[in-house]
Amino acid sequence: MAETKRAIAGARARLLVNGKEVGWATGVGCQETITVVAVDVLGNVDAEELEPVHRAVTFTADFVRIKKSDLMAMGLWPRGTTPQVVDFPPLTIEVYDGIADAPIYKVEGAKPQSRNWRVDRGGLMTINASFMALRLYDEIDA
């Protein structure tokens, strides 16, 4: 029997951080960037080769704000002063397709980077948070 092909929809996505399901989130996204530099040689206008030198992963999500369940209460954002920010442990973020047994994406070594909030028409309040991470795995690698 052929497998049915279908796209993941926001209502079906589940988000787990360090193995714990976290509230509701919309606008979940991730970007992996590999910086490549040209290797130049004197006397040659063409680059000899392209060399990868850096990989960066950024994860973002709009978390729906629920009273007494903000990012700090969920363990996604440091609470406190400099020592708490510096010692905040890296997070593992997993994105699941509905009730699937295995994640379709896994982000490892995530650290909080920025957050902002907004209230949308109809009164929905979301907190957009971005995280810098060490590695992104897809369902083949997870």
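Is Arg 14 buried, partly exposed or exposed? At 25% relative accessibility, Arg 14 counts as partly exposed, because the partly exposed class lies between under 20% for buried and over 50% for exposed. The legends below describe a predicted model, and they begin with the chain as a whole before turning to single contacts.

**Figure 1. Overview of the predicted protein chain, with 1 helix and 8 strands.** Along the sequence, the elements follow the pattern β-β-β-β-α-β-β-β-β. The chain has 142 residues, and buried residues make up 26% of them. Among the contacts with a separation of 6 or more, 58% are accounted for by residues 24 or more positions apart. The chain exposes about 9,800 Å², and carbon and sulfur atoms supply 54% of this area.

**Figure 2. Close-up of the largest nonpolar core, a group of 23 residues.** The members that touch the most other members are Phe 59, Phe 63, Leu 71, Leu 76, Ile 93, Val 107 and Phe 131. At least two residues of this core come from each of the strands β1 (13-17), β4, β5 (91-97), β6 (105-119) and β7 (125-133). In soluble globular proteins, nonpolar side chains tend to be buried together.

**Figure 3. Close-up of Leu 76 and the residues in contact with it.** Neighbours within four places in sequence are left aside in this view. The residues in contact with Leu 76 are then Val 17, Val 22, Phe 63, Leu 71, Phe 88, Leu 91, Pro 112 and Phe 131. Leu 76, Phe 63, Leu 71 and Phe 131 are also among the core residues that touch the most other members.

**Figure 4. Close-up of the aromatic cluster formed by Phe 59, Trp 77 and Phe 131.** The structure contains 2 aromatic pairs. In one of them, Phe 59 and Phe 131 form a tilted pair, with 6.3 Å from centre to centre and 50 degrees between the planes. This pair links distant parts of the chain, since Phe 59 is in strand β4 and Phe 131 is in strand β7, 72 residues apart. Both Phe 59 and Phe 131 are buried. The ring centres of Trp 77 and Phe 131 lie 6.3 Å apart with their planes at 70 degrees, so this pair is edge-to-face. Trp 77 lies in the loop between β4 and α1 (82-86) and Phe 131 lies in strand β7, so the pair ties together parts that are 54 residues apart in sequence. Trp 77 is buried, with a relative accessible area of 13%, and Phe 131 also counts as buried, at 1% relative accessibility.

**Figure 5. Close-up of Asp 62, a buried residue in the chain.** Asp 62 is placed in strand β4 (residues 49-64). Its relative accessibility is 9%, and Asp 62 therefore counts as buried, because buried means under 20%. Leaving out residues up to four places away in sequence, Asp 62 touches Trp 24, Ala 25, Thr 26, Gly 27, Arg 118, Thr 126, Ile 127 and Asn 128. With Asn 128, the side chain of Asp 62 makes a polar contact of 2.6 Å between the two side chains. With Arg 118, Asp 62 forms a salt bridge in which the closest N and O atoms are 3.5 Å apart. Arg 118 lies in strand β6 and Asp 62 in strand β4, so this salt bridge ties together parts that are 56 residues apart in sequence. Arg 118 is partly exposed, with a relative accessible area of 37%.

**Figure 6. Close-ups of two further salt bridges, among the 4 found in the whole structure.** In one view, the side chains of Glu 21 and Arg 14 meet in a salt bridge of 3.2 Å from N to O. Glu 21 counts as partly exposed at 47% relative accessibility, and Arg 14 counts as partly exposed at 25%. In the other view, Glu 32 forms a salt bridge with Arg 55, with the closest N and O atoms 3.2 Å apart. Here Glu 32 is in strand β3 (residues 25-39) and Arg 55 is in strand β4, so the pair links distant parts of the chain, 23 residues apart. Glu 32 counts as partly exposed at 35% relative accessibility, and Arg 55 is partly exposed with a relative accessible area of 37%.

**Figure 7. Close-up of Asn 44 in the loop between β3 and β4.** Asn 44 is partly exposed, with a relative accessible area of 33%. The side chain of Asn 44 reaches the backbone nitrogen of Asp 46 at 3.0 Å.

Key:
Residues numbered from 1 in each chain as written. Predicted model: local features only at pLDDT ≥ 70, side-chain atom pairs only at ≥ 80, totals over all residues. Heavy atoms only, no water. Helix = DSSP H or I, 4+ residues; strand = E, 2+ residues; numbered from the N terminus. Buried < 20%, exposed > 50% of the residue type's maximum accessible area, 1.4 Å probe, protein only. Polar contact = N/O pair within 3.5 Å; in protein donor to acceptor, adjacent residues only side chain to side chain. Contact = heavy atoms within 4.5 Å. Areas by Shrake-Rupley, 256 points an atom, 1.4 Å probe, with all protein chains shown as cover. Core = buried A, V, L, I, M, F, W, Y, C linked by side-chain atoms within 4.5 Å. Phe/Tyr/Trp six-rings, centres within 6.5 Å; stacked < 30°, edge-to-face > 60°.
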